[in-house]
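The exercises below deal with chain contacts, charged pairs and chain shape. Try each task before reading its solution.

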Amino acid sequence: MDAPGLYNYWIVIVLMMTGFYVVVSRGNLVKKIVGLNIFQTSVFILYISMGKVSGGTAPILAEGFETYSNPLPHVLILTAIVVGVATTALGCALVVRIKEAYGTVEEDEIQLQDEAS
Amino acid sequence: MIAAHLPALQIVVPLVSAPLCLLLRRGGLAWALALIASWAALACAVLLLQQVIATGPISYHLGGWAPPWGIEYRIDAVNGFVLVIVAAIGAAVMPYARESVAREVPEEQHATFYTALLLCLTGLLGVTITGDAFNLFVFLEISSLSSYVLIALGRDRRALTAAFQYLVMGTIGATFIVIGVGLLYMVTGTLNMLDLAERLPPMAESRTVVAAFAFLTVGAGLKLALFPLHFWLPNAYAYAPSVVTAFLAATATKVSVYILLRFFFTVFGTTYSFELVTLENLLIPLGVIAILVCSTVAIFQTNVKRMLAYSSIAQVGYMVLGIGFASTAGLTATIVHLFNHAMTKGGLFLALGCVVLRLGSAQLESLEGLGRRMPLTMFAFVLGGLSLIGVPLTVGFISKWVLVQAALERGNWFVAAVILLGSLLAIVYIWRVVEVAYFRPAPEGDAAAPIAEAPLSMLIPTWVLIGATIYFGIDTSLTLGVAERAAQHLLGGGA
Amino acid sequence: MNPQTAILLSLGIPLSGALLIALFGRQPNLREGVTLTTAALLFGTVITLVPGVMDGARPTVTLIEMLPGLPLRFEVEPLGMMFALVASGLWIVNSIYSIGYMRANKEAHQTRFYVCFAIALASTLGIAFAGNMLTLFVFYEALTLSTYPLVTHKGDAAAKQGGRTYLGILLFTSIGLQLLAILWTWQVAGTLDFIPGGILAGKVSGPVVGVLLLLYMYGIGKAALMPFHRWLPAAMVAPTPVSALLHAVAVVKAGVFTVMKVVVYIFGIDLLAESGQNLWLMYLAAASLLIASLVALTKDNLKARLAYSTVSQLAYVVLGAALATSWGVIGGSMHIAMHAMGKITLFFCAGAIYTAAHKTEVSELSGLGRVMPFTFGAFLIGALSIIGLPPFGGLWGKWYLALGALEAGQIAMVAVLMISSLLNIAYLMPIPIKGFFGKSPDHTEGGNPGPVAIKEAPLPCLIAIGITAFGCLVLFFFPDPLYRLLRPLGF
């Protein structure tokens, strides 16, 4: 099919899997948050890619342009980005508190401490 | 005038009260505001449900913008019922929260606590009431983020790691949902649920739609702790403050089940979900495994909160079975169990919260002799336990009856046996608590600080919920009536 | 009062009694007075229903509709009438006995005891008057739960263990098997009402009848059909009045009552007989009958021996149901009443012996009869009734059962009845015989601080024993009202 034209979507998949992999495989809590962010970014690109209309320009009203890309996905993504920011902020706050409580942000060390107590 | 805008008020009241709580600084004032807001939300929900039962589905256009471009709040029998459940639990938990939070959460964080609780309530109500798929994601994240905060406010430091684990898994789940919604938007160009329902059938063969379905199912499954995506739940429930556990156990999973119901039956439709995708081959086995495995694991827990957490995962299994049956009886069973389980688990966790208030711990061993020292609390626990088991005259029996009925209708003998086996397993873990509380003598402790019964502000909400488990186990006309109506509506036809 | 009110009062009176007992917990005499008054009022209310039922009336009361199409409904028919009479009548006697026993043994938690007793009786009346299988199931479970605190009354480790077996087996059978059978019946027949001739006729046939019957019979754990009988000996950890309640007044009677109801009103004896599925049940019942009697022979503990005797006697009723003939059903039903009277006498005596002489084993009872003649005399009467010898009521139960066996053409079962009577003699008669004619044991054995004068049991206990022993006699000479009441079951 139109594989090279679907370049955006390939990026989406790569980012999604990368992010997911980082979340699952890394034991460091901060890295997990990073992975989560990458994962969420792939979704942003998915939405924006689907909003592009062939031959359309940016969705801002301007003289001389007839075709615009779909503005709705952009709006949705703004919302999703905000949600992502909030999640990241919350995650980081939790990491700070965990560091205070456990002295480490490595998942396996935390588990050891929990089992010991 | 107000009546016309009830749907909006349902969300606005708790939403606006939340930052006000934060501004109020003092825990006592914040609590008072939260109390008023949650009771107002309950009033809204009850009025809305009454209206739906009388005149059929309500459609509210937010901001006056017509759907499918504007966001629509659409209330029919299904989400009307769920609204009442969520709001009722919120209203019951709020008076209880005063003493419980004072004991379990540091003073300076009280206002934050009530803010987060109200936000969580807003989010859950929003997920239920909205008729727009992306709006659902937004409200879902509002409720999830605030629940991460609430869980992290627990005393034990493991609450932090539990909240973090929940954050990671919950975000992945929500992101899956948003991917699913995005894919659906891609093929249909609309986000409104009813509009999607109209536009999807011609696209049914498309791989994108299947992918969307899969993402939505897994995403919602993570949120409702569908086996095997349940790992975040035991820790989250065990280490969160008691109020939070009770609130979340009684609402969050129910709302996630609602999401599944809405997407499977309203958006995708029964034909797609069950004939093309054959969802029952996934849901029924998972439900069966959840019931058997989690009930068994619950038996071996030493912390009563974890025991009830695993029990909750098993109960979610029952709900999922009902969805898998995809019949009027099956869906009636699921929807009525949303209500019944909310009352039962809410009451049980509130009773446990009373115990934690006095004893400081929910470990099974520390409950020795509690039957004598805190008779009202433990009796509430026993009644809730009997409802979990499914003894007649409790709501648990009604759920089990309708569910086994649905299984037998399909000729599914094995599943019927599994459902009853789940009851038998529940007897084992509930009776462990009963035996420790009633058969062991109270430990010789400090005579200086004798254990007294829980304060009234905590006993009354507990007994309200437990009383509901008995009352609605005898007079089922309201719950079963609405549930059946909702089931018929979901399956097409009827409102 | 009209029948509807009587039915509702039959449940209301014991429940309000329970409430009042709880309120008067601090004043033992007042509390005991409430129990006795409640029991007497209950019996009086139940009796008012008898004339109507004898004439063929079937008063009904419908309460709330608990599930769509399934209301909580009460309907009085002959079998239920008899059960209600037995239960409420024996409650009065059991209460008199309990007062004597509990006080003499200085038992703790007496308020809880009397409260749970009252609730258990309310549940029993609910079972007796149930108009459909759902209502019966509701009260059946209520009975299990309300008797749990009674069985585990002592609160020690042995009580806990016994309670586990009790609850475990009863709930496992009721939720795992009986509920499944009920749901299946509902699915197939579209109703759960008790209708003479059964509701399954034409809806099920062949092996399905058998499987459903199996689910019901083993699902009704209170009937103690082997191998689900273990809860009965395990429940011996309870104080004797509770054992009397379990064995004679309520629990096992509820079990075999339910068996009878299911056979007569759900399956219908014609359906059972035609399908031939009653045969394996008959053999199971016969086996349970004989094996339990044999086990009883080996038991030295008096209460254990009586427990296995009950298991055996319950199998008589199941056998009567399994014969699927008119006489069989009537015989089994009569046996419910006869056995109740006889067994309660035996248990009362066992309790009296424990209270007065602190003896629990059969081997220790030698010569005790000369010191406690009244008790052992009553024991003799009860034993003879259980064995089935005139002039005591137990004869009639066995008589009609034998008739039923003949009617079904099952000569082997007649033989089984004979053999079991012989076994009854073997495990029951030695007790009064040794008691009256055996050597006196040395009372100063084993570190006793000198000869302890054993006298008879406390007076309330003796009164109760006297009443029930007399009852065995009365039932022999006046079985006719009972027979006339039960006749419609078979014809």
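**Exercise 1. Chain C against chain B**

Across the interface of chain C and chain B there is 1 salt bridge by the rule, where a salt bridge is a side-chain nitrogen of Lys or Arg within 4 Å of a carboxyl oxygen of Asp or Glu. The model is predicted: local features need pLDDT of at least 70, side-chain atom pairs count only at pLDDT 80 or more, and totals for chains, interfaces and linings use all residues. Residues are numbered from 1 along each chain as its sequence is written, chains are lettered from A and ligands numbered from 1 in the order in which they are written, and side-chain values use heavy atoms, with hydrogens and water left out.

Task: find which residues form a salt bridge between chain B and chain C, and state whether each is buried, partly exposed or exposed.

Solution.

Step 1. The partners are B:Glu435 and C:Arg164, with the closest N and O atoms 2.6 Å apart.

Step 2. Buried means under 20% relative accessible area, exposed over 50%, and partly exposed in between (1.4 Å probe, protein chains only). B:Glu435 has a relative accessible area of 6% and is buried, whereas C:Arg164, at 41%, is partly exposed.

Task: describe the side of chain C that touches chain B by area, elements and residue class.

Solution.

Step 1. The contact (heavy atoms within 4.5 Å) takes 29 residues from chain C and 28 residues from chain B.

Step 2. Buried area is the accessible area (1.4 Å probe) that two parts lose on being put together, summed over both. For chain C and chain B this is about 2800 Å², with 78% on carbon and sulfur atoms. On the chain C side, C:Met66, C:Ile175 and C:Leu183 lose the most area to chain B, together 21% of what that side buries.

Step 3. The rule for polar contacts (a pair of N or O atoms within 3.5 Å; within protein, one must be able to donate a hydrogen and the other to accept it, and residues adjacent in sequence count only if both atoms are side-chain atoms) finds 5 residue pairs across this interface, both at pLDDT 80 or more.

Step 4. Helices (H or I, at least four residues) and strands (E, at least two) are DSSP runs, numbered from the N terminus. Strand 1 (60–67), helix 5 (133–151) and helix 6 (157–189) of chain C each give two or more residues to this side. Helix 6 of chain C gives the most, with 14 residues.

Step 5. By class, this side of chain C has 21 nonpolar, 4 polar and 4 charged residues. Ala, Val, Leu, Ile, Met, Phe, Trp, Tyr, Cys and Pro count as nonpolar, Asp, Glu, Lys and Arg as charged, and the others, Gly among them, as polar.

**Exercise 2. Chain A against chain B**

Task: give the contact, area and salt-bridge figures for chain A and chain B.

Solution.

Step 1. Chain A has 34 residues in contact with 30 residues of chain B.

Step 2. About 2800 Å² is buried between chain A and chain B, and carbon and sulfur atoms give 81% of that area. A:Tyr47, A:Leu90 and A:Leu94 supply 18% of the area that chain A buries against chain B, more than any other three residues.

Step 3. The rule finds 0 salt bridges across this interface, and 5 residue pairs are in polar contact, both at pLDDT 80 or more.

Step 4. At least two residues each come from helix 1 (7–25), helix 2 (29–51), helix 3 (71–102) and helix 4 (107–116) of chain A. Helix 3 of chain A has the largest share, 16 residues.

Step 5. The side of chain A that touches chain B divides into 25 nonpolar, 6 polar and 3 charged residues.

**Exercise 3. Salt bridges within chain C**

Task: what do the pairs C:Arg103 with C:Glu32 and C:Glu77 with C:Lys261 connect?

Solution.

Step 1. C:Arg103 and C:Glu32 form a salt bridge, the closest N and O atoms being 2.8 Å apart. C:Arg103 lies in helix 3 (residues 78–104) and C:Glu32 in helix 2 (residues 28–54) of chain C, so the pair ties together parts 71 residues apart in sequence.

Step 2. C:Glu77 and C:Lys261 meet in a salt bridge (2.8 Å, N to O). C:Glu77 is in the loop between strand 2 (70–75) and helix 3 of chain C and C:Lys261 in helix 10 (residues 251–267), so this pair ties together parts 184 residues apart in sequence. Both C:Glu77 and C:Lys261 are buried.
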